[in-house]
Amino acid sequence: MLHSFHMTLLFISNRFSSIIAEIEDWMGDVHTQNELYEIASAAHGDTLQLFSIVSPLDDICTHLLALASYITRHFVGFIEDLVARDVDRLLTDHIIIPLGACLNPSGQNRQRSVSEGSSSFIPCIAGASDSRNGLLVDRTSDVESIYSYEVASPIFQGLMLPLYGLQFVQKLALCFLRDCFSCIQWVELRLSNVIFRIRKTLIGSSEDIGWLQNTPGMPPVVDGTERFLELLSEIRNGEHKLPNSFVYLLIPGLFSNHGPLYFVGTKRFFSKMGLTCHIAKIHSEASVEHNAWELKEYVEELYWGSGKRVMLLGHSKGGVDAAAALSIYCNELKDKVAGLALVQSPYGGTPLASDFLRDGQVADKETRRIMELLICKIIKGDIRALEDLTYEKRKEFISNHDLPENIPILSFHSEAHVAPGVLATMTQIAHAELPWLPLPCSWTESDTVVQGGRRVPVVIPLSAVMALCALHLQFRYGEKSDGLVTCRDAEVPGSVIVRPSQKLDHAWMVYSSRTKNAGDPDACEMCEAILTLLVELGMRTKQVK
């Protein structure tokens, strides 16, 4: 900036030096004229003396006026040229007039080198033009100098302040519009994200339920309901055909560790018939693959300990764990397992697990944190136990692991009862032993308190909860279910399907209800009929081979 200011002052001083030189020339002319006037006055006498004094004064005033007009005209022209050149340079992005180049009237370029500390300008004859470069310089009476664009004059900057202000306002307006467009795009993105989440929440699992039946290449199922009802009728009439040549392993489902009576009645019923029956002691809140490994170890221990093959009956997630054990460890278990029955198992997945843990829906992170708090902190389980029952995880697992073909598989599913009377039904999940509790007169030994143990039942409205869940799935998806698992998701491809007409909720098969119809079969008889049918399927498979 100091260099530019110095060059500007040097240029102005040069211009005024030329003006002063012209004034000195003019003053020399005036002095010569005064001498002529003195000679004339001496020759003509005193009569011309006054004229010789007045005439030079008029000439001086005239020349002063001409000088002032000359200075004013050139100064105004000088300022106008500066403004015009800066405007042209701003409008043409500093490329209209090349640095150190200008054209003379003949079209030839004349250049002057620029040296530091001296003025950098290029003399141009007014009126010269060059159509190739788009350069046009106005013709004036005197030779004018043009600044090099490397020198930024403070005068230029002061005169260009309004244009700079307009340029600043323009940039500010562009920035404002850019920010407005960015805000609009952000709002649009947020709205689309919210709409996507709402849509995904409303759709839920409607596109996933029954995906096993819609997948091409899946083996068909065979309906075995009629034969199952025949066996169940025979069992109720006292005909028990379940052989003692197998070890029967009952595999509990999710949260079974918190229900002490889970499968207890069925195990006691089988033991009374002289059958070897066990309840798998696994951590039901663990992942499917972890429980598959534990079941594999459990089956091998039973097989090598008894020398008998093992019949597997898994309820809910227990059936999924057992199927995973046969799929992953097929080579180790194919000769040790005689059959697998999946009772109310979400083999294809369950909409409740998917709706709780689906990513991208409304409040997905908050719902996941609540489920993690419930399963991991309170129940001391693994969140993967619930994740493995989602449709996404089941699709991935089934696509990578196939069930063995030489082991008979049976699928059992039912529909929950949703009548208003179910809301008052209580389900016994445990009992508390109170030796000090006196026996009421109205209670008998066959009711709820047993002699010597004073066992008081622990009941909860589990059937009512299942009925509400079944209503939810029916109203939202139009699917029949036992309260937790839809009927279509419980059918394993290639298996024999049992669809009983009796209304049974998800917990009925493992817990005893407080209200029982004497004409209906109980859970123990149902399990016996299922395993009897599975034994027959195994015998048919051997005959076919």
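Where is Glu300 placed? In this predicted model, the residue lies in helix α8, a helix that spans residues 288–306. Before turning to that neighbourhood, it helps to look at the whole chain.

The protein has 545 residues, and 41% of them count as buried. Its secondary structure comes to 16 helices and 16 strands. A good deal of the contact picture is long-range in sequence: take the contacts with a separation of 6 or more, and 77% of them turn out to link residues 24 or more positions apart. On the outside, about 30,300 Å² is exposed, and carbon and sulfur atoms supply 59% of that area.

Back to helix α8, then. Glu300 has a relative accessibility of 16%, so this residue counts as buried, the cut-off being under 20%. Leaving out residues up to four places away in sequence, Glu300 touches Glu332, Leu333 and Lys336.

Val247 is another buried residue, this time in a strand: β8, which covers residues 246–251. Its relative accessibility is just 1%, and that is why Val247 counts as buried. What does Val247 touch, once its neighbours within four places in sequence are left aside? The list is Thr276, His278, Leu302, Ser306, Lys308, Arg309, Val310 and Met311. Strand β9 takes in residues 276–279, and helix α8 takes in 288–306, so the partners of Val247 include Thr276 and His278 from β9 as well as Leu302 and Ser306 from α8. Cys277 also enters the picture here: its C-alpha atom is separated from that of Val247 by 6.0 Å, although the two residues are 30 residues apart along the chain.

The surface has its own features, among them two charged patches. One is positive and brings together Lys267, Arg268, Lys272 and Lys281. Lys281 sits in the loop that runs between β9 and α8. With 66% relative accessibility, Lys281 is over the 50% cut-off and therefore counts as exposed.

The other patch is negative, and its members are Glu289, Asp359, Glu392 and Glu396. Glu289 falls within the range of helix α8, residues 288–306. Asp359, for its part, belongs to the loop between α11 (351–357) and α12 (364–378). Is Asp359 buried or exposed? Its relative accessible area is 52%, so Asp359 is exposed, again by the cut-off of over 50%.

Terms used
Residues are numbered from 1 along each chain as its sequence is written. This is a predicted model: local features need pLDDT of at least 70, side-chain atom pairs count only at pLDDT 80 or more; totals for chains, interfaces and linings use all residues. Side-chain values use heavy atoms; hydrogens and water are left out. Helices (H or I, at least four residues) and strands (E, at least two) are DSSP runs, numbered from the N terminus. Buried means under 20% relative accessible area, exposed over 50%, partly exposed in between (1.4 Å probe, protein chains only). Contact means heavy atoms within 4.5 Å. Accessible areas come from the Shrake-Rupley method with a 1.4 Å probe; for residues, only the protein chains shown count as cover. Patches are made of residues with over 30% relative accessible area and no salt bridge: like charges are joined within 9 Å, nonpolar side chains (Val, Leu, Ile, Met, Phe, Trp, Tyr) within 5 Å. A salt bridge is a side-chain nitrogen of Lys or Arg within 4 Å of a carboxyl oxygen of Asp or Glu. Lys and Arg count as positive and Asp and Glu as negative; His and the chain ends are not counted. The place of a charge is taken as NZ of Lys, CZ of Arg, CG of Asp or CD of Glu.
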